[in-house]
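Biologist: Please take a close look at the pockets of this model for me. Start with the roomiest one, and follow the trail from there.

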Amino acid sequence: MQFKKEPRFGRLIPAMVTPFNRDLELDLDRAQELADRLVRGGSDALIINGTTGESPTVFYPQKLELFRAVVRAVNGRVPVIANVGDNCTADTVYFAQDAAKLGVDGFMCVVPYYNKPPQEGLYQHFKTIANAVDMPIILYNIPGRCSINMEGETTLRLAHNCDNIVAIKEASGNLDQVKFIIDNAPAGFDVYSGDDSATLDIMKLGGVGVISTIGNVAPERMKEIINLAAREEWEAAEAANEALLPLMNGLFETSNPILVKEALNLVGFPVGGVRLPLVDATPEQSRRLAAIMREVGVLD
C-alpha cells in the first residue's frame, strides 16, 4: 500500500497540554513557550485544547484566549488546529465560527459524548458543522470517552459528502474499522492514530501519523518512529517504537493528562497541575513515571 506523501496537517500532531499557574488559571505565556518548544521539536501541527488540553474544564472564553495566544506564538510555522467539538451541535457551530476569526488553520470535533446519538445523528451533527464553516475539520472518534463508536460507514459518508471534513483521529482501538476507513476513503482524507501505542499498526494499514500525547514530552522521538514508518523502514520503526513504548503506556497509568503534565514538570518544563475533577499525580505515580522516563532515555 502506498502512503500519502504529504498529509495536509503533517504526520506528528501533539495534542498540546494547557499550562496553568499555581492558582490553576491559564498561563498564556507558558502556553506560547510550550507551543514554540513543540514546533522546534519537529511537530507538524498542533491540536489546542483537546482532551490532553483539559477541554472539559477550560471554558469557552478561556479557549478563545488560548487559541489566540498559540496562533500568535506559532506565527504560521505550522498549522494550529482548534478543538471546538461539543455534544451540542448548535454550540459547536457558534464556537467554531468564533474561533475561525482568530487565525486558526482548522478544527477538531469529537463525537458527541453523553447524549449517545445514533449513527444518523452523528452524521447530521458533523455535516451541520461542516456546512457552517469553511475551515478543514478533523473528526475525533474515541468510544472510551464518548460511550459510543462512530462506525466506519458513518465516517466514510462524511468523508465523501463533506469536502472540508479532511481527516479523522481514530481511537476506537478497532483496527478492522480503521482499515475499512483507510481502504474506502476519498483521496486526500487522512487517518491518524489517536493512540501513540497504536501508531505503527495504523500506519502499516495506510494511516498517515498520530495525534499524540507523548509528543508533548518527546516529539523528536515520536517523529523518528513516524518518519521511519512513512518510508516503510519497518524494522527500524519497530525498534524505535519498542524503545519508546514503555513511556507511551506509562503516561496512561491514570487519566490523561495527569501524567503527561507531570512528565513535563519532571523534564524541567513545568506546566502546572490539572483542574478538578482531575487530580495531580501522586508521589508514587511520579516516581514510577520518572523511572520509565529514565529507562527510555527521556530523563537524565
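The answer below goes from pocket to pocket and then to a neighbouring helix.

Modeller: This is a predicted model, where local features need pLDDT of at least 70, side-chain atom pairs need 80 or more, and totals for chains, interfaces and linings use all residues. Numbering starts from 1 along each chain, and side-chain values use heavy atoms, without hydrogens or water.

The largest pocket (an open set of 1 Å grid points that fit a 1.4 Å probe, with protein on both sides within 12 Å along at least five of seven lines) has a volume of about 520 Å³. Its lining (residues with an atom within 4 Å of a point) holds 24 residues. Closest to the centre are Thr51, Ser55, Pro56, Tyr113 and Arg145. Helix 2 (60-74) and helix 5 (143-146) each give at least two lining residues; helices are DSSP runs of H or I, at least four residues, and strands are E runs, at least two. Twelve lining residues are nonpolar, seven polar and five charged.

The second largest pocket holds about 300 Å³. It has 18 lining residues, and Ile142, Arg145, Gly194, Phe252 and Asn256 sit closest to its centre. Arg145 is thus named for both pockets. Strand 8 (209-212) and helix 10 (234-250) each give two or more residues to this second lining. Here six residues are nonpolar, eight polar and four charged.

Helix 10 leads us on to helix 11. Buried residues of helix 11 pack against helix 10 and helix 12 (283-296). Seven of the nine residues of helix 11 (258-266) are buried (under 20% relative accessible area), so the rest of the structure largely encloses helix 11. Ile258, Leu259 and Lys261 are among the buried ones. Glycine 268 follows helix 11, with a positive phi near 90 degrees.

Definitions and conventions
Grid points are joined across faces, edges and corners, and a volume is the space filled by probe spheres set on the points. Ala, Val, Leu, Ile, Met, Phe, Trp, Tyr, Cys and Pro count as nonpolar, Asp, Glu, Lys and Arg as charged, and the others, Gly among them, as polar. Buried means under 20% relative accessible area, exposed over 50%, partly exposed in between (1.4 Å probe, protein chains only). Contact means heavy atoms within 4.5 Å.
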